[in-house]
Amino acid sequence: MIRPNRLSVYELVLLPMLGVLMFVSKLLMEFLPNVHLLGMFIMVFTLVYRWKALVPVYIYVFLVGVYGGFAPWWVPNLYIWTVLWVGTMLLPRRMSAGIAMVVYPVVCALHGFLYGALYAPAQALMYGLNFEGMVAWIVAGLPFDVVHGIGNLISGMLILPLVALLNRLNRTPHKT
């Protein structure tokens with residue numbers, strides 16, 4: 001059973017594993033540039049585990065840094081995924097399945113479409129870009145953001161079924 005105020009032994013094992021799942025899924029999908037399951041996973045984990053979803057998110061962020069190096073390109077990872085977590089947390093908890101079936105993929109897609117704009121302020125600060133330079137950086141990345149958003153829209157269609165599956169699995173008693 002999931003406890004609201006602390007992590008159970010089950011969650012201490014499960015949540016880091018979900019972060020590793022995010023990382024491995026990203027590696028497996030690298031052959032498709034800017035297409036991945038991260039937004040979908042973050043929304044699913046947030047809808048099911050609420051604030052505890054930050055555990056797999058930051059396990060993923062840490063693994064990305066370990067794997068790719070804690071270089072300047074990594075810094076936006078510290079906040080970019082949290083934006084989607086916050087957006088998901090702000091969604092109404094009691095949403096009909098028909099509405100959720102549309103809202104969840106759209107929110108996931110919006111994060112993908114806005115990824116470059118969310119990433120740009122950190123880049124501008126680190127590389128000394130002025131506002132015009134930051135906007136030029138965003139515009140240059142728009143084709144990649146379109147691919148990212150479309151990929152997130154498609155993967156976002158899995159959110160509702162995966163939330164239902166995780167909720168069903170979490171109702172199974174676990175000894176802790």
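# Exercises on a predicted helical model

Helix H8, residues 142–156, is where you'll find asparagine 152. Keep in mind that this is a predicted model. Let's work through it bit by bit.

**Exercise 1.** Work out whether asparagine 152 is buried or exposed, and which residues it is in contact with beyond its sequence neighbours.

*Solution.* Start with the accessible area: the relative value for asparagine 152 is 1%. Buried means under 20%, so asparagine 152 is buried. Next, skip the neighbours within four places in sequence and list what asparagine 152 is in contact with: His36, Pro105, Cys108, Ala109, His111 and Gly112. Hold on to His36, one of these partners, for the next exercise.

**Exercise 2.** Locate histidine 36 and describe the polar partners of its side chain.

*Solution.* First, the place: histidine 36 sits in the loop between H1 and H2. Second, the exposure: its relative accessibility is 4%, so histidine 36 counts as buried. Third, the polar partners. The side chain of histidine 148 makes a polar contact with the side chain of histidine 36, at 3.0 Å. A polar atom of the histidine 36 side chain also lies 3.2 Å from the backbone nitrogen of leucine 38. Last, look at the wider surroundings: leaving out neighbours within four places in sequence, histidine 36 is in contact with Lys26, Met29, Trp81, His148, Asn152 and Ser155.

**Exercise 3.** Trp81 turned up in that list; describe the helix it belongs to and what surrounds it.

*Solution.* Begin with helix H4, residues 77–89, which has 13 residues. From first C-alpha to last, H4 reaches 19 Å, close to the 18 Å expected. Now pick out the buried residues of H4: Asn77, Ile80, Trp81, Thr82, Leu84, Trp85 and Thr88. What covers them includes H2, H3, helix H5 (97–113) and helix H6 (115–127). Zoom in on tryptophan 81: apart from neighbours within four places in sequence, it is in contact with His36, Leu38, Ile42, Val57, Tyr60, Val61, His111 and Tyr115.

**Exercise 4.** Say how many residues the largest nonpolar core has, and which helix supplies the largest share of it.

*Solution.* The largest nonpolar core has 36 residues. Those with the most contacts inside it are Met43, Phe45, Tyr49, Tyr60, Trp81, Tyr104 and Ile159. H1, H2, H3, H4, H5, H6 and helix H9 (159–170) each supply at least two residues of this core. H2 gives the largest share, with 10 residues.

**Exercise 5.** Find the salt bridge in the structure and say which parts of the chain it links.

*Solution.* A search of the whole structure turns up 1 salt bridge. Its members are lysine 52 and glutamate 11, with their closest N and O atoms 3.0 Å apart. The pair links distant parts of the chain, 41 residues apart: lysine 52 is in the loop between helix H2 (38–49) and helix H3 (54–68), while glutamate 11 is in helix H1 (residues 9–28). As for exposure, lysine 52 is buried at 2% relative accessible area, and glutamate 11 is buried too, at 0%.

**Exercise 6.** Compare the exposure of asparagine 34 and arginine 50, which each have a positive phi without being glycine.

*Solution.* Take asparagine 34, in the loop between H1 and H2. Its phi is about 65 degrees, and with 27% relative accessible area asparagine 34 is partly exposed. Then take arginine 50, in the loop between H2 and H3. Its phi is near 55 degrees, and at 15% relative accessibility arginine 50 counts as buried.

Methods:
Residues are numbered from 1 along each chain as its sequence is written. This is a predicted model: local features need pLDDT of at least 70, side-chain atom pairs count only at pLDDT 80 or more; totals for chains, interfaces and linings use all residues. Side-chain values use heavy atoms; hydrogens and water are left out. A salt bridge is a side-chain nitrogen of Lys or Arg within 4 Å of a carboxyl oxygen of Asp or Glu. Helices (H or I, at least four residues) and strands (E, at least two) are DSSP runs, numbered from the N terminus. Buried means under 20% relative accessible area, exposed over 50%, partly exposed in between (1.4 Å probe, protein chains only). The expected span of a helix is 1.5 Å times one less than its number of residues. Contact means heavy atoms within 4.5 Å. A polar contact is a pair of N or O atoms within 3.5 Å; within protein, one must be able to donate a hydrogen and the other to accept it, and residues adjacent in sequence count only if both atoms are side-chain atoms. A nonpolar core is a set of buried Ala, Val, Leu, Ile, Met, Phe, Trp, Tyr and Cys residues joined through side-chain atoms within 4.5 Å.
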